[in-house]
Amino acid sequence: MKMDAVGRATGTKYECLLFDMDDTLYPLSTGVNLACRKNIEEFMLQYLNIEESEVPRMCLELYREYGTTMAGLKALGYEFDNDEFHAYVHGRLPYETLRSDPVLRNLLLSMPQRKIIFTNADKAHASQVLRRLGLEDCFEGIICFETLNPPLEPADFMDALDDNQVLAGADLEPNTADRTDASCVNSNSPILCKPSLEAFEAAIRIANVNPKKTIFFDDSARNIGSGKAAGLHTVIVGSSVLVPGADYALSSIHNIKEAIPEICEGEEEQMEQVIQSAAVETVVLA
């Protein structure tokens, strides 16, 4: 599917919907977040030999300061393989608690805008979550850990992507001069992730979107603040109260149309085209 086939010519207020994934497309109550934190703490204890009494505090403080605990560990000089970390932390998550969400699926497919995932998680985790939720063909692409932190040898990465097609950055017209030699990132390089403004600017370039016509959904207040600083319209999900930088607040992702009716402008005339274009496999934007 052509990247800008839907939305660009409609004149609607929003041309692209940029979604966080974990705790945004499904509720915190699934327990996936808690299990992930537990796995991170176990990794710190067993593989990095960090004092057990220090692990919980350190895990939380690094998350708060660097965006993710993984990014903080790298910044402190701990050496470990990125893929091994993700395999340990996400490979044992209780994915069975995630249920197919046909209501959200139909809602997403009914909206004419481009829809893209923007997550700090790795590609394997993103694919698993979307598959469990029944949303794997609802998004044009995924901007994930590997997108912002490509491996040293991109060819190896592309060969290992199961059946998912990977679009090269050149296909998405990013400003490659500003990506700080991203194609040469290795496992000990600083990690680019939300909520850093640089991560948002990179995502905007890679997805080739106009931030003034893009609306960003996230459950994290600090990510919302950074998204607003990057020029995006913003929606805090999982809260009925606005946070700094948020334009809208949604107690549930299912309330999009009621809370933001502008998203549905031009929906009827676009519906048939969207439904026909939607049944494609989500691709990783790398």
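Which ring does the charged end of Lys74 sit over? In this predicted model, the charged end of Lys74 is placed over the ring of Phe80, at 4.2 Å from the ring's centre. A second arrangement of this kind involves Arg222, which lies over the face of Tyr63, 4.1 Å from the centre of that ring.

Rings also pair with one another. Counting pairs whose ring centres lie within 6.5 Å, the model holds eleven aromatic pairs. One of them joins Tyr47 and Tyr88: the two ring centres are 5.3 Å apart and the planes meet at 70°, so this pair is edge-to-face, a label given to angles over 60 degrees. Tyr47 belongs to helix H1 (residues 32-47) and Tyr88 to helix H4 (residues 82-91), so the contact ties together parts of the chain that are 41 residues apart in sequence. Tyr88 has a relative accessibility of 13% and counts as buried, since buried means under 20%. Phe80, the ring beneath Lys74, turns up here again, because ring pairs link Phe43, Tyr47, Phe80, Phe85 and Tyr88 into a cluster.

Another pair is formed by Phe118 and Phe200. Here the ring centres are 5.3 Å apart and the planes stand at 90°, so this pair, too, is edge-to-face. It links distant parts of the chain, with Phe118 in strand S2 (residues 114-118) and Phe200 in helix H9 (residues 197-207), 82 residues apart. As for their surroundings, Phe118 is buried, with a relative accessible area of 0%, and Phe200 also counts as buried, at 1% relative accessibility.

Terms used. Residues numbered from 1 in each chain as written. Predicted model: local features only at pLDDT ≥ 70, side-chain atom pairs only at ≥ 80, totals over all residues. Heavy atoms only, no water. Phe/Tyr/Trp six-rings, centres within 6.5 Å; stacked < 30°, edge-to-face > 60°. Helix = DSSP H or I, 4+ residues; strand = E, 2+ residues; numbered from the N terminus. Buried < 20%, exposed > 50% of the residue type's maximum accessible area, 1.4 Å probe, protein only. Lys NZ or Arg CZ within 6 Å of the ring centre and 35° of its normal.
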